[in-house]
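Hi,

Here is the structure I said I would pass on. Have a look at it first, and then read my notes below.

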Amino acid sequence: DSFWWFDSEMACDADRTLGQNAEAEPNDSCELANRLGVYPPIPATFGFLGDEDWYAFELPGKPYRTCRVTVSTCAMRTAGDDDTSLELYRDCDIGTGTPSGLIASNDDGCPNPAFRQSEIGLDLPAGNRYWVRVEQGPLTAGTGTYHLTLGVDCYPMVRRYPEAWDDHAEFNP
């Protein structure tokens, strides 16, 4: 508990970004992206087969600093959540809604292989904005729900468990 508390104190509120409480349509291009934050996890829905959703987040802090970022549809998964595929981008051309600078993508990769959802975890420079595209995975038959989480850890004393959305979640102690 002491390590968890110390890590929480060092990470402080500067590393916590707030997002929307739920998906807001339309968000089918990077220029219409919903705000994704460390809190709260976003419940969302694929409205039709082939639907895609966009989210954007900013990493606070100085550009020379790196933070461990985890974008996941696994961490807060609930029964009935749909199969997902994730892509993380560096840039978005506002005006055309065209993303560029693909950083990472993942389809059907979770710490627990029984989950069909996806997760991307990597170190990114702070002080930048990033875009996430969530698409329906290949096991999707129609419409469905999913839960998108963002974990940001700029002080890596404690790492998160796969079941937790963040390293400061109650699962860790």
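Before anything else, keep in mind that this is a predicted model.

I'll start in the middle of one of the sheets. Strands E4 (residues 66-72) and E9 (residues 144-153) pair antiparallel, with five bridges between them. If you want a landmark there, Val69 sits opposite Val152 in E9. The sheet they belong to is an open one of four strands, ordered E2-E9-E4-E7, with antiparallel pairing. Its edges are E2 (42-46) and E7 (119-125), each of which pairs on one side only. From one strand to the next, the twist averages 25 degrees.

The other sheet is open too, this time with five strands in the order E1-E3-E8-E5-E6, and its pairing is mixed. E1 (34-35) and E6 (98-107) are the edge strands here, again with a partner on one side only. Inside this sheet, E5 and E8 run antiparallel and are joined by six bridges. Tyr89 faces Trp131 of E8 across that pairing.

Stepping back, the whole protein has one helix and nine strands. The helix comes at the N-terminal end of the order, and the strands follow: α-β-β-β-β-β-β-β-β-β. Of the contacts with a separation of 6 or more, 69% are between residues 24 or more positions apart. The protein has 173 residues, and 48% of them count as buried. It exposes about 8400 Å², with carbon and sulfur atoms supplying 54% of that area.

Now the inside. Nonpolar side chains tend to be buried together in soluble globular proteins. The largest nonpolar core in this model has 26 residues, and Tyr55, Phe57, Leu59 and Val132 have the most contacts inside it. Two or more residues each come from E2, E3, E4, E5, E7, E8 (129-136) and E9. E9 is the biggest contributor, giving four residues.

Which residues does Phe57 touch, leaving out those up to four places away in sequence? The list is Leu36, Val69, Val71, Leu88, Asn128, Arg129, Tyr130, Val132 and Leu150. You'll recognise Val69 from the E4-E9 pairing, where it stands opposite Val152.

There is also a second, separate core of six residues, which includes Cys30, Trp54, Ala56 and Tyr89. Two of those names turn up again among the aromatic pairs, of which a search of the whole structure finds three. Trp54 and Tyr89 make a tilted pair, with 5.5 Å from centre to centre and 40 degrees between the planes. Trp54 belongs to E3 (residues 52-58) and Tyr89 to E5 (residues 84-93), so this pair ties together parts that are 35 residues apart in sequence. Trp54 and Tyr89 are both buried.

One last spot to look at is the loop between E1 and E2, where you'll find Val38. Is Val38 buried or exposed? It counts as buried because its relative accessibility is 2%. Gln20 is 18 residues away from Val38 in sequence, and their C-alpha atoms are 10.0 Å apart in space.

That's what I have on this one. Happy to go through any of it when you've had a look.

Cheers

Conventions
Residues are numbered from 1 along each chain as its sequence is written. This is a predicted model: local features need pLDDT of at least 70, side-chain atom pairs count only at pLDDT 80 or more; totals for chains, interfaces and linings use all residues. Side-chain values use heavy atoms; hydrogens and water are left out. Two strands pair if DSSP finds at least two bridges between them. Axes are lines fitted to C-alpha atoms, for helices over the stretch in contact, and angles run from 0 to 180 degrees between N-to-C directions. Rings of Phe, Tyr and Trp (its six-membered ring) pair if their centres lie within 6.5 Å; planes under 30 degrees apart count as stacked, over 60 as edge-to-face and the rest as tilted. Buried means under 20% relative accessible area, exposed over 50%, partly exposed in between (1.4 Å probe, protein chains only). A nonpolar core is a set of buried Ala, Val, Leu, Ile, Met, Phe, Trp, Tyr and Cys residues joined through side-chain atoms within 4.5 Å. Contact means heavy atoms within 4.5 Å. Accessible areas come from the Shrake-Rupley method with a 1.4 Å probe; for residues, only the protein chains shown count as cover.
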